[in-house]
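Me: I would like to go through this structure with you. Could you take my questions one at a time?

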Amino acid sequence: MPEREFAVWAPRPDLARLDIDGTLHPMIRTGDGWWHTVVDAAPDARYGFVLDDDPKVLPDPRSARQPEGVHERSQLWQPGTDSWTDEGWQGRSIEGCVIYELHIGTFTAGGTFDSAIEKLDYLVDLGIDFVELMPVNAFSGTHGWGYDGVLWYAVHEPYGGPDGLVGFVDACHGRGLGVLIDAVFNHLGPSGNYLPKFGPYLSSVSNPWGESINISDAGADPVRRYILDCALRWMRDFHADGLRLDAVHALVDTTAYHILEELSAETDSLAAELGRPLSLVAESDLNDPKLITPRNRGGLGMTAQWDDDIHHAIHSAVSGERQGYYHDFGTLETLAQTLRHGYFHAGTYSSFRHRRHGRPLDTATIPATRLLAYTLTHDQVGNRAVGDRPSQNLTTGQLAIKAALALGSPYTALLFMGEEWGSSSPFQFFSSHPEPELARATAEGRKREFAEHGWDADEIPDPQNPATFERSKLNWDEIGDGDHARLLSFYRQLIALRRNEPDLRDPWLDHLRIDYDEHRQWFVMHRGGFAVACNLGTGPDEVPATGEVVLSWGDVAVGAAGTRLPGHSVAVLRGVRLPGQGP
């Protein structure tokens, strides 16, 4: 067997030993808190570390594979020499593209990388540019959302492990699809988190999901390196084209060099080394333009960020929902302001937060493509009490309006799996914690949280019930039926228009014009020679814009003075003329 060096950063214990297939080997400590040893090991050896006098064999914090779960020994892993066939993949930036977010466990009945590959041709036909995977890092249990990961370097084994991810990314690239991986660096899950036994991975503050990660307290430098190396590994070793960074507002960094700026710089260096673009997409609750401002202009240098304000403005205007964080939204005026400026809350009072929130975006220097527009994400459906989708509450016409506003806007677009055909499957919060006490606490906490907001606790799905997971799987048999097939066709045509028409690729918000009538509930978004004309009301009405109808939902009649739209309908017009304009 070949010799191999094993190393682990563990400044806390006084003694560390390497366990390989049940045999203990001494390790030598260096002054920086690292322990090292060189031993003979098979390429697929099972191993772990024993700290002080605790006999428990702990998995490697940088484990590449956990074949028996996050509580057991790690396994050495390297991709095979013939695993990759994507040498010709040149990559692309996500800016202006259409991204498709999916959860591997519920995207298909099989719930694996291999079964997801079988649907990639469908995504290509839909017009998707990037697949965004919800977290695939190793977490406790067989199924879950993945945001409670505890071994960030390993790939969740039930999905197919690291070999499965290699095969999936390679298959995507072979079809011209980029891949983003959702990475969670703001907290660790409650089951299988052994990192505090090794060193000061956790900070003195907390966030809504647990204790925060130590990125600026004493001993933070190796923890920061742990995060940076993990992020770069997804892009280097697994050929991912970028990352979606979960809830970056929960990264408490008081240093002068923010970890996101550091990651941006190292990602750019890796992109230059690899010869292809790499993108960092942040989820942030701050509405802070600094996040997407280039580093050379004093920003953090993220490629783009999720924009919940756009979601809230579109969803509340179409659906009429005004509860919770939708309270400040719901009018066409709010929708227009948000689409024009990127953020609605931009130094303005937020009634949900009971304070001023956000900061204005400089639309003259920051293109709209650095913000993601969407009508649905895993959060916006999964964090509802019963995980109900808009398709379970709205008409198909209302779904078409939402799609046209998001995909017809100047922003980078994001779809959530099944949205494009109005999937009837909910996406509920599910987990599979093996510890009975944790399982019970998770279920009771979920019921208690929504009961406080007026829900009947008996209506809240039990996250630990396997049926909750099974209900959340997409039903692919729907896509050829009636309104499902019609909506899917509408999405395909919208995406094709977006891709093929230069006016619909213009990234500058200063070129966007919007007209609306709050009372009559019509709304028109102008993009160069195109207009997206919407009737959000229930009855027919005439919108004051005319042109060639290139795509519509409902029977549309173009007259000399305007375009007549049925209730809950939308039309995309080309060669738009406004009242008073000549032919």
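Reply: A definition comes first: helices (H or I, at least four residues) and strands (E, at least two) are DSSP runs, numbered from the N terminus. The model is a predicted one, in which local features need pLDDT of at least 70 and side-chain atom pairs count only at pLDDT 80 or more, while totals for chains, interfaces and linings use all residues. Residues are numbered from 1 along each chain as its sequence is written, and side-chain values use heavy atoms, with hydrogens and water left out.

Me: What phi does G342 take, just after α9?

Reply: G342 takes a positive phi of about 85° there.

Me: And which residues of α9 are buried?

Reply: Helix α9 covers residues 332–341, and its buried residues are L332, T334, L335, A336, T338 and L339. Buried means under 20% relative accessible area, exposed means over 50%, and partly exposed lies in between (1.4 Å probe, protein chains only).

Me: What covers the buried residues of α9?

Reply: The cover includes two helices, α8 (308–319) and α11 (396–407), together with the strands β22 (512–517) and β23 (522–527).

Me: Back to phi. Where is D52 found?

Reply: D52 is in the loop between β6 (46–51) and β7 (74–75). Its phi is near 50°, a positive value in a residue other than glycine. Most residues other than glycine have a negative phi.

Me: What about H568, which has a positive phi although it is not a glycine?

Reply: The phi of H568 is about 50°, and this residue sits in the loop between β28 (563–565) and β29 (569–577).

Me: Is H568 buried or exposed, and how does D52 count?

Reply: H568 is buried, because its relative accessible area is 16%. D52 counts as partly exposed, because its relative accessibility is 30%.

Me: New topic. How many disulfides are there?

Reply: Taking a disulfide as a pair of cysteine sulfur atoms within 2.5 Å, the count is zero. For C97, the nearest cysteine sulfur belongs to C172 and is 14 Å away. C97 counts as buried because its relative accessibility is 9%. C534 is buried as well, with a relative accessible area of 0%.

Me: Which side chain of opposite charge is nearest to D148?

Reply: That is R446, 12 Å away, and D148 is buried yet has no salt bridge. A salt bridge is a side-chain nitrogen of Lys or Arg within 4 Å of a carboxyl oxygen of Asp or Glu. Lys and Arg count as positive and Asp and Glu as negative; His and the chain ends are not counted.

Me: What is D148 in contact with?

Reply: D148 lies in the loop between β10 (137–139) and β11 (149–155). Leaving aside neighbours within four places in sequence, D148 contacts F139, G189, P190 and H433, where contact means heavy atoms within 4.5 Å.
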